[in-house]
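The following paragraphs lead the reader through one protein structure, from a single pair of side chains to the whole and back to selected details. Please keep the sequence and the model in view while reading.

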Amino acid sequence: MHRYGLKLWSANTGSYLRAARSLYDEGVFDYVELYVVPGTLDTLEQWRAFKAPFAIHNAHSAHGFNLANPGMRSTNRKIYEQSRKFADALDARFIIFHGGLDGRAEETAEQLSDFKEPRALIENKPAVALPNNISGAFCRGATKEELSMIIKAANCGFCLDFGHAVCAAAHLKADPYLYIKGLAGLEPSMFHLSDVKDMDSPYDAHPHLGSGELDLLRIKREFLPSGAMVSIETQKDSKDNLDDFASDVKWMKNLK
């Protein structure tokens, strides 16, 4: 049996938190992966009151965090410290990090190592960032070579994101399932899962399970070991409920 996780943000203390409690009590999912938005420490007690297992996702470039940029070391440290407080209070098993934009993977490894965070996992990324207003075009930690170096240098674990792997493979003109197989050799501690809208696109998207082109049965059979922690990272269609997430989990559980 796999353990399925719900991805929420620390700022989601309105309707999503109520809906999450209800679904957790019904046994729909097994843990919460909480993305810590900088400046939301005031919500911590509300999350602590939610008696579910947690994993933490550190803020990424959308919230001013970039491990690949040497000029952002102080800012990165301050943002990480907020994630650490959430992880400590919620007894989280892992803290997931993105490698950053542009810069050098060696800088990513050095900064992550400096945190001395035993719960740290580095997540694989697409090779190129989505077109947006954030400064940076190329993602660190897209290839097995960069990830291997970061894991070794920072003494951290690995989170395998299947959608990101497909995007990186598309950019590099590689077979997506062989690319995933290569990353799976890094012994992931947990996984991120959504469908893939276009297997030939280098840009990340998060469509619902069964609505895209990813062979999810193959993913489930070949790449998800028994007991794996799998965070469902599909888009949320409603601001009031998590019914679409519940449907995605049911779809995956019934996939045979």
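**Charged pairs, core and loops**

Arg 48 and Glu 45 are joined by a salt bridge, in which the closest N and O atoms are 2.7 Å apart. The two residues both belong to helix 2, where they are 3 residues apart, about one turn of the helix. With a relative accessibility of 34%, Arg 48 counts as partly exposed. Glu 45 also counts as partly exposed, at 49% relative accessibility. As with everything described here, this pair is seen in a predicted model.

The pair illustrates a general point: side chains of opposite charge can pair when their charged atoms come close. The structure holds 14 salt bridges. Another of them links Arg 119 with Glu 117, at 2.7 Å from N to O. Here the setting is the interior, for Arg 119 and Glu 117 are both buried. These two residues also take part in a network of salt bridges that links Arg 77, Glu 81, Arg 84, Asp 88, Glu 117 and Arg 119.

A further salt bridge is found between Arg 140 and Glu 146, with 3.1 Å between the closest N and O atoms. Arg 140 has a relative accessibility of 14%; because this lies under 20%, the residue counts as buried. Glu 146, at 18%, counts as buried by the cut-off of 20% as well.

It is now useful to consider the protein as a whole. Its secondary structure consists of 9 helices and 8 strands. For a compact globule of 256 residues, a radius of gyration near 18 Å would be expected, and the value of 17 Å for this protein agrees with that. The C-alpha trace spans about 45 × 45 × 35 Å along its principal axes. Among the 256 residues, 56% count as buried. Of the contacts with a separation of 6 or more, 74% are between residues 24 or more positions apart.

The accessible surface amounts to about 11,300 Å², and carbon and sulfur atoms account for 49% of this area. The protein carries 30 positive and 34 negative charges, and the mean positions of the two sets are 4 Å apart.

Which residues meet around Leu 34? Leu 34 is part of strand 2, which covers residues 31-35. At 0% relative accessibility, this leucine counts as buried. Apart from neighbours within four places in sequence, Leu 34 is in contact with Leu 8, Trp 9, Ser 10, Trp 47, Phe 54, Ala 55, Ile 56, His 57, Phe 86 and Leu 90. One of these contacts shows how the chain brings separate stretches together: Leu 34 and Phe 86 are 52 residues apart in sequence, while their C-alpha atoms are 9.0 Å apart in space.

Helix 1, residues 15-25, also contributes buried residues, namely Ser 15, Tyr 16, Leu 17, Ala 19, Ala 20 and Leu 23. Their cover includes strand 1 (3-9), helix 2 (44-48) and helix 9 (243-254). After helix 1 comes Gly 27, which has a positive phi, near 80°.

Helix 9, which helps to cover helix 1, contains Asp 248. Does a salt bridge accompany this charge, or is a partner absent? Asp 248 is buried yet has no salt bridge, and Lys 236, the nearest side chain of opposite charge, is 8.4 Å away. Not counting residues up to four places away in sequence, Asp 248 touches His 208, Leu 209, Ile 232 and Thr 234.

The last details concern the backbone. Most residues other than glycine have a negative phi. Asn 155 has a positive phi, near 55°, although this residue is not a glycine. Asn 155 is located in the loop between helix 5 (144-154) and strand 6 (157-161). Its relative accessibility is 67%, and Asn 155 therefore counts as exposed.

Lys 173 likewise is a residue other than glycine with a positive phi, in this case near 60°. The loop in which Lys 173 lies runs between helix 6 (162-171) and helix 7 (176-184). With a relative accessible area of 75%, Lys 173 is exposed.

Conventions. Residues are numbered from 1 along each chain as its sequence is written. This is a predicted model: local features need pLDDT of at least 70, side-chain atom pairs count only at pLDDT 80 or more; totals for chains, interfaces and linings use all residues. Side-chain values use heavy atoms; hydrogens and water are left out. Helices (H or I, at least four residues) and strands (E, at least two) are DSSP runs, numbered from the N terminus. The radius of gyration is taken over C-alpha atoms; the globule rule is 2.2 Å times the number of residues to the power 0.38. Buried means under 20% relative accessible area, exposed over 50%, partly exposed in between (1.4 Å probe, protein chains only). Contact means heavy atoms within 4.5 Å. Accessible areas come from the Shrake-Rupley method with a 1.4 Å probe; for residues, only the protein chains shown count as cover. Lys and Arg count as positive and Asp and Glu as negative; His and the chain ends are not counted. The place of a charge is taken as NZ of Lys, CZ of Arg, CG of Asp or CD of Glu. A salt bridge is a side-chain nitrogen of Lys or Arg within 4 Å of a carboxyl oxygen of Asp or Glu.
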